[in-house]
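Please find below a colleague's note, in numbered points, on one sheet with the helices beside it and on one interface between chains.

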Amino acid sequence: MDGIGIIKGLGVTLRRFIATYVDDIKWLGRRYYKEEGIQHRSSADTDGIFTVQYPEEKIPVPEEFRFIPFLVYEEKDDGSVFYRCTSCGICAKVCPTQCIWIVRTTDPRTGRPVPEPAEFYIDVDICMNCGFCAEYCPFDAIKMDHDYELAVYDRHANNIYDKKKLGKPVSYYASIRPTNYKREEELRAEAEALKAAKKTPAN
Amino acid sequence: MSAQVVTENVDLLEKFPQSVKQDDRAGYAGYIVSADHLLEVVRFIRDDMGFDYLASITGVDYLPNGLMEAVYHFYKTSGGPGLVIKTQVDREQAAIPSLVSLYPGADFQEREAWDLLGIRFDGHPDLRRILMWEGFAGHPLRKDWHEPYYEEEGKPYKSRWPEGKVYRREDKNPFHKNVDYPAGFDPDKWVPDDDSTLYASVNKISSAGGESGIKTDYVIVNMGPQHPSTHGVFRMVVALEGETIRALKPVMGYLHRNHEKIGERNTFLQNMPFTDRLDYLSSMSNNFGYALAVEKLMGIKPPERAEYLRVIMAEFTRISNHLFAIGSLLNDMGAYFTPMLYAIEERELILDIFEATAGSRIMCNYFRFGGVARDLPEGVEEKMRDLAFKRLPRKIDELDLYLTNNEIVKARGEGVGVLTPEQAIAYSASGPVLRASGVPYDIRRADPYSIYDRFDFDVAVRYHGDVYDRYLIRVDEMRQSVRIIQQALNGLPKGPIQEGKPQYLVRVPAGEAYGRVEAPKGELGFYVVSNGKANPWRYHVRAPSFVNITALETMAKGNKVADTVAILGSIDIVLGELDR
Amino acid sequence: MNEGLNKPEYEIPPEMKHSVAITTIDRIYNWSRRSSIWPMMFGLACCAIEMICTAASRFDLARFGMEVMRPSPRQSDLMLVSGTVTKKMIPQIVRLYNQMPEPKYVVAMGACASGGGPFKEGYNVVSGVDNYIPVDVYIPGCPPTPQALLNGLITLQKKIDTQSIRDVRWYKKGTSETIPVPVLGPDIMDPREYDLLRQYTFQKLNPENINQPSVAEQEKGS
Ligand code: SF4
């Protein structure tokens, strides 16, 4: 009979409509504005309403999420900062859109390059968030940020990020990418130990 | 290098000793056919050798040798390896006979080669520019043609490091824009193209009185480039008699982003994230095709675990793409947005997996030459299992119940936009469009790549070739993809995910390779030519949407104007790939 | 957000005696406008997919009163330029912009629409839609995730909140200016720049003039 298919289809939507309320009751008070509620709504068991109400609720971004890159700096005890970047230029070379600009520091007395960027720019109007810079940086000095709330009214003044705007402390990096951070620190410690071990017999 | 070397067909050389010779450049395969005898040889290839499917046509500008080369890839729809032939002509007067009379599917691809490379195809019925507009200065893919923002022949640019004084490129242009004009050009004398040749081409069959005997003029309707039904910036010029479509010409290029020109300046690796932006609904499949092509050139293979991960990701991509395709097809049929919401919900869950693994929802950039970028982070495998074993099968059934027997969907879809199997093959249609017309041709089966030969799955086929079947086939394919994912997840081995050390500057030996995969939309091929340097000499994308659209006119003719929307929706085009 | 307007020390221009009423009207006016921004249904490239996702179940633009996507520019308030703007498309975009009634806003979504994006160097790509039409909010990212887009739209709402009925351009005298539609020539041509164009191509024709100040320098000087 004509119309059966439509009625069955409408049944699907009706079931869905009811499921929202059933789920609300099941999750009484925990479904909205709560961490676990958001988690539940993004899981494979979610049923009923699917909406996450940005900006009150935010879907947590996964660790690997990448947006604009940032430069990692370490803070010394005296409050000064020290960028991990050695201005080796690998990120600028691997960047598919060529949106990274680095000025290498030269020692004013000897004229030799110093492993530290004098200036570091990223044109975020060109950047394609591909993550190659972070992937191929041998010093873990550039990483992909999680902050995506970057809308501006004027791009000409704001959208070429300089070293200062790009810089973020190691602690921030450790907080957004804990697993990666841990793995890298372990590798670093290993390498240090190896170096130290090599040095000792030479003495 | 190229795996498509056909050995049993040496008779081509015997048959045409004068006009055919082996392509013996290092790293190349196939035959070189002289331009004067091309049609004759191709007719033999089609009729006597059985290569009924013309997969791709493109050109390569060998500037140092002063040659322009057209490259043809033929396959058999019954499966098996393909055949490559080439024709070389002088690049200043590049003219090659057109193959449209033998393979109608050559139409748009030849127009593209004319537009971008300036190869004139003699005998082509409608040789106009296709991606750029009429009147544009030059043929941009020629190696001696430079764009206004031209900096250097290849990346990385020297200005970025170590003296990277930042500037915006528009600041160095007198117009502060991405423009350049030929010397002595006067804008007042310029007459912009008013599309009259385009309109004439749809109007050439003058209406000599229909069944009613009343003489009417055709009405020409422009749909697009901004039209809610065109899935982006696509334009159709439709000639109507009453409400019936008599002729239809797609007009494209509104999203032509010069993918190939940029790709020839990038290093091999730098192209990977650009491929994401081809078919932006299924970036993992694009990565797959490109990785295969370059791996073929390099002669490497990824380790086991990476192969499995690749297949899993590619199949998840297929599901998410088909969900989106079904949602928007239903949108086009008038079920405004509700089916789309259901489809997008599942898609979002798949995208969550991509985001957790690859780092981005739709621009995954996950494949590397000889492996993948990173292993699955903690918890992702469980998520995949939940989806593949529990949720997706249930949800696909729900979608089926929701839409398949809907009387309106049937009424709008059955018998509309029919493409017969013969037509589908002749027009080089691929993917769901080809299989919905009853041709069981799936590259995963016909010419297996990666590890698809290990999985147990059916090639979905439907036989009516109409809009409704093209909907059904997508549902079928999603089910098959779920099956593949389930098997792959169960067999997922432990181990490394990358062959050798990750490198940002890969060494690619000189040669050519055509890597093709069964992307969700059809055959996605990458034709890459390397000359041993850091950047590819030629980088061509055989985009399924672009080739499938060649058959649009045939499907649409005789239907009502309201059906064009549904027909276009059923082909499932993506503009990023169509226009590149 | 328009707290500034409510401060008692707010300077009242003499011709605006009933300032309190004005402020309140501003508030109502802005609140109603910002809560029913109808975007134009208009997608260009990859970013459009994220825009569709934003409008769909998970992010749901309807919560901002923006779910009514209008295919016609005549009925929309917001042009979401979601993707790469090409030279072949820019005439149509300018035309659509001209057809939108005031008040109208433009949001450049993603790197491409803001400044050319990854394809900036391409011969058919416009380096930012703001080369031709004014843009209110730029959202970086390639693509901006749906949440980033929502953040951009909230930024737009904040901008609307700061506007005042007294000085918005659409209540000013005179009809609003239409932007001349670019022409497809050997390259895209902006009718406003024909003089410069003639100069440039003439200079290119006579390379001996090269020692004269180039067009670019003249531009800078002027
Ligand atoms: S900004 Fe990125 S995602 Fe958006 S249209 Fe451009 S390339 Fe696509």
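1. In chain B, an open sheet of 5 strands follows the order S1-S2-S5-S4-S3 with mixed pairing; strands are DSSP runs of E with at least two residues, helices runs of H or I with at least four, numbered from the N terminus, and two strands pair if DSSP finds at least two bridges between them. Strand S1 (20-22) and strand S3 (53-62) of chain B stand at the edges with a single partner strand each, so one side of each lacks a neighbour in the sheet.

2. This is a predicted model, in which local features need pLDDT of at least 70 and side-chain atom pairs pLDDT 80 or more, whereas totals for chains, interfaces and linings use all residues. Residues are numbered from 1 along each chain as its sequence is written, chains are lettered from A and ligands numbered from 1 in the order written, and side-chain values use heavy atoms, without hydrogens and water.

3. S3(B) and strand S4 (residues 67-75) of chain B run antiparallel and are joined by 9 bridges, and Ser56(B) has His73(B) in S4(B) as its bridge partner. Helix H3 (residues 106-117) of chain B packs on the sheet, touching S3 and S4 of chain B, where contact means heavy atoms within 4.5 Å.

4. Between chain B and chain C, 68 residues of chain B are in contact with 59 residues of chain C. The rule finds 11 salt bridges across this interface (a side-chain nitrogen of Lys or Arg within 4 Å of a carboxyl oxygen of Asp or Glu), and the side chains of Glu121(C) and Lys155(B) meet in a salt bridge at 2.9 Å, N to O.

Terms used
Axes are lines fitted to C-alpha atoms, for helices over the stretch in contact, and angles run from 0 to 180 degrees between N-to-C directions.
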